[in-house]
Amino acid sequence: LVGSEMCIRDREHAHGTFRAPSEDDTEDDGVVGPPAPIDACEEWLEESGVTYEASRLPVHDKGSITCGAHQAVRYVRGPGQLRWNGKPKVTCNVALALGRFETVVQEEAVRHLGKRVKKIRHMGTYNCREMAAYPGWVSEHAYANAIDIRSVTLRGGKELTVLGNYGEPGDPQTPAERFFQAVATRTYEEDIFSTVLTPAFDRLHRNHFHLDMARYRVDGTVPD
């Protein structure tokens, strides 16, 4: 498995873009556990314009589940040149995805809101637990392989929360709704994250985007 993943990543690296698993890549969908470490993670991050700090999150067992990550960093800043509340502790996979996510956020903010984003507020990354809605299924948060996005703050100080600003999926009525739906759609369709859950998915996600780099894919940008 690790060797196969490394081959894919090396091939993508040659083209300069790190991507989430494709919909055709289903061989390891049923594998449960921390993601495999990425070869030359530091090189990937530097080439992607991501500023980071080295971190550790030892893999360990807690009851019936395994938690932690083989490779973890503190995400400081990315190519979008915006701030985060705190320095999210995430896997290298997620750190690379956040760099691409920042670019999408800034492009869609200018397109729909006429301003750039200066800050993203998240609700957490690492949490050694099962999925809230699916007991027995391990959450990607257990590996710091996920992040929950609560809001963005525009230059000028206006904060836009996901709660109340996502709108009817596929039929956004306000600039904020068009912004959030466009960000969510691009984040999934451009293979930035393999799982994108939004208020369109269920009530548990009514106030945030859940983004993760699971081995499988879930499009939670449209109603099930």
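1. Start with Arg19, and keep in mind that you are looking at a predicted model. Is this residue buried or exposed? Neither, quite: Arg19 has a relative accessible area of 36%. Buried would mean under 20% and exposed over 50%, so Arg19 counts as partly exposed. To find Arg19 in the viewer, look in the loop between α1 (2-14) and α2 (41-47).

2. Now see what Arg19 sits beside. Along the chain, Arg19 and Ile192 are 173 residues apart, yet 5.8 Å separates their C-alpha atoms. The side chain of Arg19 also has a polar atom 3.2 Å from the backbone oxygen of Glu190. Try showing Arg19, Glu190 and Ile192 together.

3. Pairs like that fit a wider pattern in the chain. Take the contacts between residues at least 6 apart in sequence: 61% of them join residues at least 24 apart.

4. Next, the overall layout. How many helices and strands does the chain have? There are four helices and ten strands. Reading along the sequence, you meet them in the pattern α-α-β-β-β-β-α-β-β-β-α-β-β-β.

5. One sheet is worth tracing by eye. Three strands make an open, antiparallel sheet, in the order β1-β2-β4. The edges are β1 (51-62) and β4 (89-91); each has a single partner strand, so one side of each has no neighbour in the sheet. From one strand to the next, the twist averages 40 degrees.

6. Within that sheet, look at how β1 meets β2 (residues 65-77). The two pair in the antiparallel sense over nine bridges. For a landmark, find His60, which stands opposite Cys67 in β2.

7. Helix α3 (residues 92-113) gives you a nice length check. With 22 residues at 1.5 Å a residue, α3 should span 32 Å. The C-alpha atoms at its ends are 31 Å apart, which agrees with that expectation.

8. Why call α3 largely enclosed by the rest of the structure? Because 16 of its 22 residues are buried. While you have a helix on screen, here is a handy rule: an α-helix has 3.6 residues a turn, so residues three or four places apart point the same way. Just after α3 comes Gly114, with a positive phi of about 75 degrees.

9. Last, the chain as a whole. Of its 224 residues, 50% are buried. The accessible surface adds up to about 10,600 Å², and carbon and sulfur atoms account for 47% of that surface.

Terms used. Residues are numbered from 1 along each chain as its sequence is written. This is a predicted model: local features need pLDDT of at least 70, side-chain atom pairs count only at pLDDT 80 or more; totals for chains, interfaces and linings use all residues. Side-chain values use heavy atoms; hydrogens and water are left out. The expected span of a helix is 1.5 Å times one less than its number of residues. Buried means under 20% relative accessible area, exposed over 50%, partly exposed in between (1.4 Å probe, protein chains only). Contact means heavy atoms within 4.5 Å. Accessible areas come from the Shrake-Rupley method with a 1.4 Å probe; for residues, only the protein chains shown count as cover. Two strands pair if DSSP finds at least two bridges between them. Axes are lines fitted to C-alpha atoms, for helices over the stretch in contact, and angles run from 0 to 180 degrees between N-to-C directions. A polar contact is a pair of N or O atoms within 3.5 Å; within protein, one must be able to donate a hydrogen and the other to accept it, and residues adjacent in sequence count only if both atoms are side-chain atoms.
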